[in-house]
Amino acid sequence: MLAELAARAGYSVVSLDYFGDADLRRLCPGISLLRDRDMGYSPEILVNTASELDASYVIYGASLENHPRQVARLAREKSLLGNAPETLQRVRNPQQLADALKAAGFCFPQTMRPGAGLVPDPALEWLWKPLRSGGGHSVQIWPGHFTQEGILQEQLDGLVGSAAFVANGLESVVVGVTEQFVGDEMVGAEGFRYCGNMLPPPLPSGELQDLLAQVRAIVNLLTAEFGLRGLNGLDFVWHEGRVCTLEINPRPTAPLELMEQAYDLHLFDAHVQAFSGQLPRFDLEGALQDGTAAAKAILFAEKDIVISDASEWFGQGIRDIPYSGDFIKQGHPVCTVLVTESSAERCRHKLERRVAELKTWLY
């Protein structure tokens, strides 16, 4: 997704990732740890390999925000267009994030760490989350005992959402808000696994405006408090009329391609320009009145499969396209489906149809 946004904005791109999907290979040159090196994934291996790339600047994607030491290594050899390691350490610390939000009167779920001497209220629902988490991996209903590498967090009812914003260290501009799809059986996901987004969230107009006003206030506060720069994401629960922050993802996030498509934005360029202090002029309220909706869903394999000829998927609103002959294990991602429509309801129906068609093709 990042490579596609960058290429669309006219930048010369080289990619480094694990899967090396077929559509990425058509888009730009790069290195795949799996296909080119037959290597497993780790942040250390990724950063070691980055030294081979002929590029002046580096932008990191999902999960590296949990590894500030590796980000620091990236920044030694290339100019970093991303939040600095010191920023990552602070904003990814649940206690520091909670303190900043609560001091300003914003909602943050009750959160505790092992060894803090706190006792979970048995009348509340609790989730166990790993400290270095991403995409809902390993999040579970609290099993009733602590482990060392994680946090216990109150589970709140409500719409699970996300917002994307671009920041210059002092101020920010919100470029979109979405509903997050979590553990959706339609796409073969389970538990708390992230599996897509709907833009905008399916809420009444007045409620959506209230949500947006709170999101703006929260991201402006956190931008100034932590010095956030470039494109960032806010994960939240819309709970009883309040935006309850779950975490900040201090790097470009998954729903950006929906926002660029629906609102005719140039978000990769906005990310780059933010490091010179420039922010885009964008009226999200006006864009929301247009009524355009967009959605993406990650399709997970419901059983072990071998991909036949996937060449027909190109140009059909499908991304992360596997190669013909690829073996994909049950529970692993197959591809990503993108759709747009004139309303959130029509968009959801269209997404369901496209997913059903792909399942028929696969199974």
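Which residue in strand 10 is the bridge partner of Val166? In this predicted model, the bridge partner of Val166 is Val173. The pair belongs to the contact between strand 9 and strand 10, which run antiparallel and are joined by seven bridges.

**The eight-stranded sheet**

Strand 9 and strand 10 are part of an open sheet of eight strands, arranged in the order 13-12-9-10-11-14-18-16 with antiparallel pairing. Its edges are strand 13 (242-249) and strand 16, each of which pairs on one side only.

Towards the strand 16 edge of this order, strand 18 (residues 333-341) pairs with strand 14 (residues 293-300) in the antiparallel sense over eight bridges. Within strand 18, Leu338 stands opposite Lys296. Strand 18 also pairs with strand 16 (residues 318-319), again in the antiparallel sense, through two bridges. Here Ile318 has Val337 of strand 18 as its bridge partner.

**The four-stranded sheet**

A further open sheet consists of four strands in the order 5-8-6-7, with antiparallel pairing. Strand 5 (111-112) and strand 7 are the edge strands, each pairing on one side only. Two bridges link strand 5 to strand 8 (residues 150-154) in the antiparallel sense, and Thr111 stands opposite Gln153 of strand 8.

The table collects the strand pairs with their bridges.

| Strand pair | Sense and bridges |
|---|---|
| Strand 9 and strand 10 | antiparallel, seven bridges |
| Strand 14 and strand 18 | antiparallel, eight bridges |
| Strand 16 and strand 18 | antiparallel, two bridges |
| Strand 5 and strand 8 | antiparallel, two bridges |

**Helices lying across the strands**

Helix 9 lies across strand 9, strand 10 and strand 12, and runs at about 50 degrees to strand 9. Because six of the eight residues of helix 9 (residues 267-274) are buried, this helix is largely enclosed by the rest of the structure. The buried residues are Leu267, Phe268, Ala270, His271, Val272 and Ala274. They pack against strand 9 (159-168), strand 10 (172-182) and strand 12 (229-239), and also against helix 1 (2-8) and helix 8 (256-263).

Helix 11 (residues 344-362) lies across strand 10, strand 11 (194-199), strand 14, strand 16 and strand 18. The direction of helix 11 is at about 145 degrees to strand 18.

**The contact of helix 3 with helix 4**

Two packed helices are described by the angle between their axes and the distance between the axes. The axes of helix 3 (residues 43-50) and helix 4 (residues 68-77) come within 10 Å and cross at roughly 0 degrees. Helix 3 is therefore roughly parallel to helix 4, since angles under 35 degrees count as roughly parallel. On the helix 3 side, the contact involves Pro43, Glu44, Val47, Asn48 and Ala50, which meet Gln70, Arg73 and Leu74 of helix 4. By character, the residues of this contact comprise four nonpolar, two polar and two charged.

**The surroundings of Gly135**

Gly135 is placed in the loop between strand 6 (126-130) and strand 7 (140-141). Is this residue buried or partly exposed? Gly135 counts as partly exposed because its relative accessibility is 35%. Leaving aside residues up to four places away in sequence, Gly135 touches Phe192, Arg193 and Tyr194. The C-alpha atoms of Gly135 and Cys195 are separated by 8.1 Å, although these residues are 60 residues apart along the chain.

Methods
Residues are numbered from 1 along each chain as its sequence is written. This is a predicted model: local features need pLDDT of at least 70, side-chain atom pairs count only at pLDDT 80 or more; totals for chains, interfaces and linings use all residues. Side-chain values use heavy atoms; hydrogens and water are left out. Axes are lines fitted to C-alpha atoms, for helices over the stretch in contact, and angles run from 0 to 180 degrees between N-to-C directions. Angles under 35 degrees count as roughly parallel, over 145 as roughly antiparallel, 65 to 115 as roughly perpendicular and the rest as oblique. Contact means heavy atoms within 4.5 Å. Ala, Val, Leu, Ile, Met, Phe, Trp, Tyr, Cys and Pro count as nonpolar, Asp, Glu, Lys and Arg as charged, and the others, Gly among them, as polar. Two strands pair if DSSP finds at least two bridges between them. Buried means under 20% relative accessible area, exposed over 50%, partly exposed in between (1.4 Å probe, protein chains only).
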